[in-house]
Amino acid sequence: MFVRKKLAKRFNLLLLEDEEDYVADWVATCKWPSNVEGNWQGLPSLPGRLRLCTKSLFLDPDDVRVPIVRLEFASVIQFESEGPQSFIIVANKVTKMKPNMCDVPYTVEKNKTSTWVISLSYAKLDSFMPLAQEQLVISRLPPHDRLELLDAAVKAREDATSFDSSRLVEFSERLVWEGPVTQLSPLVREPGRMAVTDQRVYFKPLHNISGDTPVRSHPLAAVAAVVRRRSSLRPVGLELFMLNPLLEPHIQQQMQQCSGPYWDAPSAFFSFRSETDRDKALACITSQPQLGIAVCQLMPLTSPAPTGVSSASSAAEPPTPKPQLQAAGQLLEAAGGWLQRVTMAW
C-alpha cells in the first residue's frame with residue numbers, strides 16, 4: 001500500500017502584514033525567474049500553492065528549501081492572463097521568507113523587475129483572476145475606502161458560510177447558537193464561525209490553512225470561566241478559559257468524564273460583530289447545565305454543615321448554591337490554586 005508523504009507546513013497567518021486578510025488558495029506551479037535567487041535546483045517549474053491575500057500574492061513551494069515568495073500588489077507592474085489556466089505577474093519588489101523552514105529575517109529585493117508565470121493545476125483561471133484583480137484595485141485605494149471595502153468583503157465571505165453540523169463530536173448534541181466571529185491571538189486575526197451546543201463550543205476558521213483540524217472544539221464541562229472583554233475599544237470581545245488534561249497531566253484523573261477533542265491553548269479570545277451578538281452567545285454558553293462541571297472536581301467546595309446543628313438554625317441559613325456557582329465563586333477568590341493555572345494564558 002502506498003501512502004502519500006505529508007508535506008511540511010510553513011505558511012501561517014503571521015506572514016501577513018497588519019490589517020491584511022487571507023482570501024483563498026489554489027494548487028499551482030510557478031516558473032521561477034532567473035534573476036531571483038532561491039530556486040537552488042534550477043527547476044523549470046516549481047509545484048506548490050498560490051495564496052491570495054488582500055494586499056499580496058504568496059507563492060508557497062512544496063520544496064521547503066525554496067523560500068516562500070510574497071509579491072505586494074503595490075509593487076505589481078503587469079498582471080494579465082495567459083491561456084485558460086496561466087497568468088503573468090511582473091513586480092519590482094520580491095520578499096522571500098522562511099527558506100529551509102528557518103525563521104530568519106526576510107530577504108527583500110527592491111527595484112529589480114521580475115516576471116513570474118504561474119499556472120493553476122486544477123482550477124480554471126476564472127476562479128482566480130476576478131478575485132485577484134479586485135484585491136489589486138482595492139489595495140491602491142485611499143486607506144479609509146480600502147478598509148471599508150475589505151470589511152464588507154470579509155463579512156460577505158463569512159455570511160456565505162455556515163457551520164457544518166457533521167463536524168459535531170456527538171450525534172446527540174443540540175445546536176443552540178451559531179454566528180460569525182473572529183478569533184484573536186497575538187498578531188493574528190482569524191475569521192470564522194462559532195457554534196455552541198449543549199455539550200461543546202466550536203470554532204470553524206474561514207480558511208483551514210494548516211490543513212490539520214478544520215474545526216476546533218472544547219467540552220463545556222471543561223470551560224472554567226467566560227469573561228466579557230473589549231476588542232479595539234469596543235465591548236464585543238469574549239474570552240473563554242479552558243481546562244485541558246493534555247496540557248495539564250495532573251488533572252487527567254479528575255477529568256475522565258470530559259471526552260476530547262480539546263482546545264490547544266489555555267484560553268480563546270473572540271471578537272463579535274456587535275455587543276448584541278456577544279451577549280447572545282454569552283447567554284447561550286452560561287445557560288448550559290454542562291458548563292464548568294469539571295471545575296467542581298478540581299476545587300474543594302464548601303463543606304456541609306455539621307450534623308449537630310439544630311433544625312431552626314439550619315433553616316435560617318441561606319440555601320447552598322449550585323456546585324457550578326460555588327466553583328465560580330472560588331475561582332474569583334483564587335481558591336484551590338486555580339488562579340495560577342488561569343494566568344498561564346496571560
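1. L16 lies in the segment before strand 1 of this predicted model. With a relative accessibility of 11%, L16 counts as buried, because the limit for that class is under 20%. L16 is separated from R70 by 54 residues in sequence, yet their C-alpha atoms are 9.3 Å apart in space.

2. The largest nonpolar core holds 30 residues, and those touching the most other members are L50, F79, F87, I89, W116 and F128. At least two residues of this core come from each of strand 1 (22-31), strand 2 (46-53), strand 3 (56-61), strand 4 (68-72), strand 5 (76-81), strand 6 (86-97), strand 7 (107-120) and helix 1 (129-139). Strand 1 makes the largest contribution, giving 5 residues.

3. Two backbone angles deserve a reviewer's attention. Most residues other than glycine have a negative phi. K98, although not a glycine, has a positive phi of about 50°. K98 sits in the loop between strand 6 and strand 7 and is buried, with a relative accessible area of 13%.

4. S232 is likewise not a glycine and has a positive phi of about 55°. The loop that contains S232 runs between strand 12 (223-231) and strand 13 (234-242). At 66% relative accessibility, S232 counts as exposed, since the class begins at over 50%.

5. On the surface, D18, E19, D145, E148 and D151 form a negative patch. One of these residues, D145, belongs to helix 2 (residues 143-159). D145 has a relative accessibility of 36% and therefore counts as partly exposed.

Notes
Residues are numbered from 1 along each chain as its sequence is written. This is a predicted model: local features need pLDDT of at least 70, side-chain atom pairs count only at pLDDT 80 or more; totals for chains, interfaces and linings use all residues. Side-chain values use heavy atoms; hydrogens and water are left out. Patches are made of residues with over 30% relative accessible area and no salt bridge: like charges are joined within 9 Å, nonpolar side chains (Val, Leu, Ile, Met, Phe, Trp, Tyr) within 5 Å. Accessible areas come from the Shrake-Rupley method with a 1.4 Å probe; for residues, only the protein chains shown count as cover. A salt bridge is a side-chain nitrogen of Lys or Arg within 4 Å of a carboxyl oxygen of Asp or Glu. Lys and Arg count as positive and Asp and Glu as negative; His and the chain ends are not counted. The place of a charge is taken as NZ of Lys, CZ of Arg, CG of Asp or CD of Glu. Helices (H or I, at least four residues) and strands (E, at least two) are DSSP runs, numbered from the N terminus. Buried means under 20% relative accessible area, exposed over 50%, partly exposed in between (1.4 Å probe, protein chains only). A nonpolar core is a set of buried Ala, Val, Leu, Ile, Met, Phe, Trp, Tyr and Cys residues joined through side-chain atoms within 4.5 Å.
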